[in-house]
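This report describes the fold of one protein chain for a reader who is new to structural biology. Please keep the sequence and the structure in view while reading.

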Amino acid sequence: MNLAKGLAPAHVRVSGTWANATFFQEPNDTFENCRISKMNDEIDWSKVVVLGSFSNTSRINIIEENMKDSTIPSANPFIAAPFTVVRKEYITPHYLRIFLTGERVAEIADTTVGINNKIIIPPAGIEKFTMPKMNPETKSQEYANTDAKPIIRTYTHRGIDLEKMEIWIDFVVHGDEGPASAWAITSKPGDALGVMMKRGKKELYSPAEHYVLVGDATAIPVIGAILEDLPESARGVAILEVYGENEEQFLNTKADIEIIWTHNFHPQKGSNLASILKQQHLPVASRFAYVAAEFSTVKEIRNYLRKEQGWEREELYAYSYWKSGVAEDRSVTDRRTEMVKDDG
Ligand SMILES: Cc1cc2nc3c(=O)[nH]c(=O)nc-3n(C[C@H](O)[C@H](O)[C@H](O)COP(=O)(O)OP(=O)(O)OC[C@H]3O[C@@H](n4cnc5c(N)ncnc54)[C@H](O)[C@@H]3O)c2cc1C
């Protein structure tokens with residue numbers, strides 16, 4: 001394996017019992033700049049050159065390849081890296097943008113602005129913490145030291161500046177009862193935050209002529225990213241709920257999208273997003289809706305679009321970003337079940 005590391009970037013093909021142990025058990029950092037694959041992986045062999053090979057019970061072929069070929073995924077499909085707060089900017093009184101830097105910012109350029117990430121908040125009193133390892137098989141986080149288990153929440157990759165080596169995440173400031181919101185309020189330059197993301201580009205929305213975007217403040221990061229990305233030809237409406245008039249923010253788009261702002265100072269107590277949506281003339285063809293908000297709102301809108309308005313499953317992406325009264329990690333099963341149960 002040292003030879004493989006010496007030759008990196010390289011494509012390392014392994015086989016046999018040793019290979020299985022290496023592929024599944026070694027920490028993936030060992031193979032930085034190498035792609036490890038099992039013998040039966042699909043590989044475009046026309047792009048690789050065999051440099052050398054050994055033969056024993058466990059055969060290893062070390063193969064050079066053009067690592068600039070972005071179609072070749074890294075060994076670990078997840079980026080999990082420590083970051084440091086650079087600065088904070090209140091976009092509005094309840095909406096805080098936090099800029100982060102770290103050695104692995106460049107890897108995040110290969111993802112899509114608007115996709116979700118996991119933030120890893122260091123346990124209270126612990127400044128230096130160990131990042132969990134993401135197990136690609138089980139897709140779960142593994143901890144070397146469970147006593148220092150950090151808090152994990154889901155947020156949105158809102159932007160990246162490769163020149164400044166910064167990424168940023170927008171936090172809804174909903175009080176200090178939630179560790180993520182509390183962390184955002186109190187964090188200061190130099191503080192640590194772990195960020196985990198899935199590698200690779202992802203479409204945030206399906207191509208259509210008409211868009212219906214509905215979200216509360218937690219969805220402004222993803223809907224903001226969608227608006228920035230939509231082509232000039234796209235038409236539609238975005239219904240966005242924020243705390244008050246002074247929370248409305250400028251969202252950039254080339255598309256012809258009407259933005260309807262609605263105000264709600266107590267989002268935990270319910271929302272009128274669904275009733276505003278029901279007052280709209282909805283498109284009948286070539287349409288796509290993106291809905292992200294509190295659990296009850298998403299459920300009501302999904303029922304309305306799918307059951308009352310006859311939208312097809314693929315015309316809608318709807319997912320609850322939080323559930324009132326329940327911490328994010330404890331509501332995840334309910335939120336996923338609500339989405340999976342979508343049977344029209
Ligand atoms: C895919 C995805 C992407 C997301 N992206 C973002 C993002 O970019 N920015 C963002 O701010 N949020 C985002 N969220 C929502 C965020 O994960 C939740 O709001 C999360 O609960 C915040 O964690 P916390 O530790 O502050 O509160 P938790 O510990 O999870 O909850 C504590 C209490 O606060 C309440 N609560 C949680 N969120 C809110 C809220 N927004 N308003 C009022 N009460 C609340 C809970 O119901 C609970 O009672 C996203 C969620 C998902 C699933």
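## Terms and overview

Two residues are in contact if their C-beta atoms, placed from the backbone, lie within 7 Å. The structure discussed here is a predicted model.

The secondary structure of the protein chain consists of 8 helices and 18 strands. The chain has 344 residues, of which 30% count as buried. When contacts between residues at least 6 apart in sequence are considered, 67% of them join residues at least 24 apart.

## Helix α5 and its surroundings

Helix α5 spans residues 220-229 and is mostly covered, with 8 of its 10 residues buried. The buried residues are Ile-220, Pro-221, Val-222, Ile-223, Gly-224, Ala-225, Ile-226 and Leu-227.

Against which strands do the buried residues of α5 pack? They pack against β10 (151-156), β12 (166-172), β14 (210-215), β15 (235-242), β16 (256-263) and β17 (287-294).

## Strand β14 and its parallel partners

Strand β14 is largely enclosed by the rest of the structure, because 5 of its 6 residues are buried. β14 runs parallel to β15, and 6 bridges join the two strands. β14 also runs parallel to β17, again with 6 bridges.

Val-214 appears in both pairings: Val-214 stands opposite Ile-239 in β15, and its bridge partner in β17 is Val-291. Together, β14, α5 and β15 make a right-handed β-α-β unit.

## The open antiparallel sheet

Strands of a sheet pair through backbone hydrogen bonds, either parallel or antiparallel. An open sheet of 7 strands in this model shows antiparallel pairing, in the order β10-β7-β13-β5-β6-β12-β11. Strands β10 and β11 (159-161) stand at the edges and have a single partner strand each, so one side of each is left without a neighbour in the sheet. From one strand to the next, the twist averages 35 degrees.

Within the sheet, strand β5 (residues 78-92) pairs with strand β13 (residues 192-198) in the antiparallel sense over 7 bridges. In this pairing, Ala-81 stands opposite Val-195 of β13.

## Arg-153 in an edge strand

Arg-153 is found in strand β10, one of the strands at the edges of the open sheet. Is Arg-153 buried or partly exposed? Arg-153 has 19 other C-beta atoms within 10 Å, and a residue needs 20 or more to be buried. Arg-153 is therefore partly exposed.

Leaving aside residues up to four places away in sequence, Arg-153 touches Ile-119, Ala-180 and Glu-328. Ala-180 is 27 residues from Arg-153 along the chain, and the C-alpha atoms of these two residues are separated by 6.9 Å.

## The packing of helices α7 and α8

Two packed helices are described by the angle between their axes and the distance between the axes. Helix α7 (residues 295-308) and helix α8 (residues 328-340) pack at an angle of about 10 degrees, and their axes are 11 Å apart. The angle makes α7 roughly parallel to α8, because angles under 35 degrees count as roughly parallel.

Which residues make the contact? Phe-295, Val-298 and Lys-299 contribute from α7, while Ser-331, Asp-334, Arg-335 and Glu-338 contribute from α8. By class, the contact of α7 with α8 has 2 nonpolar, 1 polar and 4 charged residues.

Conventions
Residues numbered from 1 in each chain as written. Predicted model: local features only at pLDDT ≥ 70, side-chain atom pairs only at ≥ 80, totals over all residues. Buried ≥ 20, exposed ≤ 12 C-beta atoms within 10 Å, placed from the backbone. Helix = DSSP H or I, 4+ residues; strand = E, 2+ residues; numbered from the N terminus. Pairing = 2+ DSSP bridges. Axes fitted to C-alpha atoms, helices over the stretch in contact; angles between N-to-C directions. Right-handed = clockwise from strand over helix to strand, strands pointing away. Parallel < 35°, antiparallel > 145°, perpendicular 65-115°, else oblique. Nonpolar A, V, L, I, M, F, W, Y, C, P; charged D, E, K, R; others polar.
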